[in-house]
Amino acid sequence: MILPQPTATTQPFWDAAARHRLLLRRCPGCARWLHPQLTFCGCGHTALEWQEASGDAVLVSYAVARRAPVPALQADLPFTLLLVRTREGPQLVSALPGDGHTLHCGMPMRVSFPEPAEGITRVYFAPCARA
Ligand SMILES: [Zn+2]
């Protein structure tokens, strides 16, 4: 198991995740939504804000891992790496247990906040039924 590694930049993202809320960066200059790790916007602003996102996304791409890239992931095999596009625009990497045989690109996804250990919250996306 690999655990989240918050940095000074992403600590608010992980603090919100622990409260089961998804935060993304937002530029006060042009209102563009940005990835949580970004510290500046393409318009030149550097004082980005945190804002709660909907939690809705669509699956952009995925790949099944059948070999562990690092020993810490051996017990999690097989798992599926996901790239999702949030409704707000930023794309996030996520993962799901299993071989992803029910996934297809474009399917609706919803954020979830599994807690694999005491005090540890992950930000994952899983398929959902959405009209
Ligand atoms: Zn901007």
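**Talking through a predicted fold**

Trainee: Against which strand do the buried residues of α1 pack?
Mentor: Keep in mind that we are looking at a predicted model. In it, the buried residues of helix α1 have a strand as their packing partner, and that strand spans 23-26. Its name is β1.

Trainee: How wide is the arc that these buried residues cover around the axis?
Mentor: Start by finding them: in α1, residues 11-18, the buried ones are F13, A16 and A17. They lie on the same side of α1, because the arc they cover is only 105°. In general, residues three or four places apart in an α-helix point the same way, because there are 3.6 residues a turn. The arc to remember here is 105°.

Trainee: Which exposed residues sit on the face of α1 turned away from its buried side?
Mentor: We have just placed F13, A16 and A17 as the buried residues of α1. Now look at the face turned away from them: the exposed residues it carries are Q11 and A18.

Trainee: What is the order of the strands in the open sheet?
Mentor: The chain has one helix and eight strands, and five strands form this open sheet with antiparallel pairing. β6 and β8 (124-127) each have a single partner strand, so they stand at the edges. From one edge to the other, the order reads β6-β5-β4-β7-β8.

Trainee: How many bridges join β5 to β6?
Mentor: These two strands form a hairpin with four residues between them, and G89 in the turn has a positive phi of about 125°. One of the pairs matches R85 with Q91 in β6. Strand β5 (residues 79-86) and β6 run antiparallel, and the number of bridges joining them is seven.

Trainee: Which residues make up the covered face of β6?
Mentor: Side chains in a regular strand alternate between the two faces of the sheet. In β6 (residues 91-97), the uncovered face has Q91, V93, A95 and P97. That leaves the covered face, with L92, S94 and L96.

Trainee: Which residue in β5 stands opposite L59?
Mentor: Strand β4, residues 56-65, pairs with β5 in the antiparallel sense over eight bridges. Opposite L59, in β5, you will find V84.

Trainee: What is the radius of gyration of the chain?
Mentor: Read along the sequence, the pattern is α-β-β-β-β-β-β-β-β. For 131 residues the globule rule gives 14 Å, and the chain comes close to that, so it is as compact as a globular protein of that length. Its radius of gyration is 15 Å.

Methods: Residues are numbered from 1 along each chain as its sequence is written. This is a predicted model: local features need pLDDT of at least 70, side-chain atom pairs count only at pLDDT 80 or more; totals for chains, interfaces and linings use all residues. A residue is buried if 20 or more other C-beta atoms lie within 10 Å of its own, exposed if 12 or fewer, and partly exposed in between; C-beta atoms are placed from the backbone. The arc is that of the directions from the helix axis to the C-beta atoms. Two residues are in contact if their C-beta atoms, placed from the backbone, lie within 7 Å. The radius of gyration is taken over C-alpha atoms; the globule rule is 2.2 Å times the number of residues to the power 0.38. Two strands pair if DSSP finds at least two bridges between them.
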